[in-house]
Amino acid sequence: TVSVLYWTRFSMRLAEVHVGDGSASWARGGFTIEQGNTVRIQNVAIKLQGEAGINKLVFEGDTGVQGTCNVNGVPCEVRRPVAAETNPLHTNGITSMDHIVMFTMDIQAVVRDFQDNLGIAPTRGPVPLFGRTMAFYRVGDAFIEVVTPSIASLDAPGATPIQRTFFNMISKNCAGSKKAFMWGFTFQSSDLHRTREAFLPHAGEAKVSSQSKQRKIFTVRNREIGISPTMAVIEQKAHKL
């Protein structure tokens, strides 16, 4: 069951992420598939249903907020806490979810929707970081990383190459609109070498993370195994946001 301390520390927990992929693709990636086409990563259940990509976020909390809503166009649901399920072993060695990434062209709208619709404020940010503007929401074991361009247009005065790269990437996936887009996952592994070996030949080289210099990370060429959201795996370590 979920402890009182757990819910005192986190008023809202990410309980489910709905992804419109087939279970065979995730099984091919070394994930254990449970009944109901579910992949459980620690206390977060990935439900394989709906449209391609990450199509819905489900939260649990005692903030008084219940029912369906959206965050800058991303469908969400809030329900009361239930007992956590047992976390299965995955042959790829993944142990937990580090974070999921949300792209938006309007980070203030995301902050406003999280506050108004879910009753939560950023743990950190919005703040300029690594060529873009970011906000972080701790939602239980994982966190949501919200990313928006730090420039208003490609021809912004003094724009750096990395700022232009992120503007292109985010505006393309948000179709130039003000709506958010769920980009993908970063999972954790206690044995990054073993996990990367499990994903070969669909894994990139392990390198030092740009955001956490003490940890290494690698990307998975997710579409080669039929998984629609982007995916990366980072060395397991507690976060301090």
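# Close-up views of the predicted model

**View 1. Gly-30 and the company it keeps.** With a relative accessibility of 13%, Gly-30 falls in the buried class; buried here means under 20% relative accessible area, exposed means over 50%, and partly exposed is in between (1.4 Å probe, protein chains only). What you're looking at is a predicted model, in which local features need pLDDT of at least 70, side-chain atom pairs count only at pLDDT 80 or more, and totals for chains, interfaces and linings use all residues. Residue numbers start from 1 along each chain as its sequence is written, and side-chain values use heavy atoms, with hydrogens and water left out. Gly-30 sits in the loop between α2 (23-28) and β2 (38-41); helices (H or I, at least four residues) and strands (E, at least two) are DSSP runs, numbered from the N terminus. Skip the neighbours within four places in sequence, and Gly-30 has contacts (heavy atoms within 4.5 Å) with His-90, Thr-91 and Asn-92. Lys-47 is 17 residues from Gly-30 in sequence, and their C-alpha atoms are 16 Å apart.

**View 2. Asn-92, between β6 and β7.** Stay with one of the Gly-30 contacts, Asn-92, and you land in the loop between β6 and β7 (94-103). Buried or exposed? Asn-92 is buried, at a relative accessible area of 0%. A polar atom of the Asn-92 side chain lies 2.9 Å from the backbone oxygen of Gly-29. The Asn-92 side chain also reaches the backbone nitrogen of Ile-94, again at 2.9 Å. Setting aside residues up to four places away in sequence, Asn-92 touches Gly-29, Gly-30 and Phe-31, plus Thr-195, Ala-198 and Phe-199.

**View 3. Asn-72 and its positive phi.** Now hop to the loop between β5 (67-71) and β6, where Asn-72 is placed. Asn-72 isn't a glycine, yet its phi is positive, at about 55 degrees. Asn-72 counts as buried because its relative accessibility is 5%. Which side chain does the Asn-72 side chain pair with in a polar contact? That would be Thr-104, at 2.6 Å; a polar contact is a pair of N or O atoms within 3.5 Å, where, within protein, one must be able to donate a hydrogen and the other to accept it, and residues adjacent in sequence count only if both atoms are side-chain atoms.

**View 4. A cis proline in β8, with Phe-130 in the loop after that strand.** The Gly-125 to Pro-126 peptide bond is cis, with omega near 0 degrees, and Pro-126 belongs to strand β8 (residues 124-129). Phe-130 turns up in the loop between β8 and β9 (132-139). Here's another positive phi in a residue other than glycine: Phe-130 has a value near 55 degrees. Phe-130 is partly exposed, with 34% relative accessible area.

**View 5. The loop between α5 and β12.** A second cis peptide bond runs from Leu-200 to Pro-201, with omega near 5 degrees. Pro-201 is in the loop between α5 and β12, and so is Ala-203, with β12 covering 207-208. At 6% relative accessible area, Ala-203 is buried. Apart from neighbours within four places in sequence, Ala-203 makes contact with Arg-196, Phe-218, Thr-219 and Arg-221. Val-233 is 30 residues from Ala-203 along the chain, with 9.7 Å between their C-alpha atoms.

**View 6. The second largest pocket.** This pocket's volume is about 360 Å³, taken as the space filled by probe spheres set on grid points, which are joined across faces, edges and corners. A pocket, on a 1 Å grid over the protein atoms alone, is an open set of points with protein on both sides within 12 Å along at least five of seven lines, whereas a cavity is a set where a 1.4 Å probe fits but cannot get out; lining residues have an atom within 4 Å of a point. Of its 18 lining residues, Ala-52, Gly-53, Ile-54, Phe-181 and Met-182 are the closest to the centre. Elements giving two or more residues to the lining are β4 (54-61), β6 (74-79) and β11 (181-189), and β11 gives the most, with 3. The lining splits into 9 nonpolar, 7 polar and 2 charged residues: nonpolar takes in Ala, Val, Leu, Ile, Met, Phe, Trp, Tyr, Cys and Pro, charged takes in Asp, Glu, Lys and Arg, and the others, Gly among them, are polar.

**View 7. Confidence, end to end.** Mean pLDDT (the predictor's confidence in each residue, from 0 to 100) is 87 for the protein, with 91% of residues at 70 or more. Among the elements, helix α5 (residues 192-199) has the highest mean, 96, and helix α1 (residues 4-9) the lowest, 37. Residues 1-9 stay under 50, and the model gives them 12 contacts beyond four places in sequence. Where pLDDT is low, don't read the predicted coordinates in detail.
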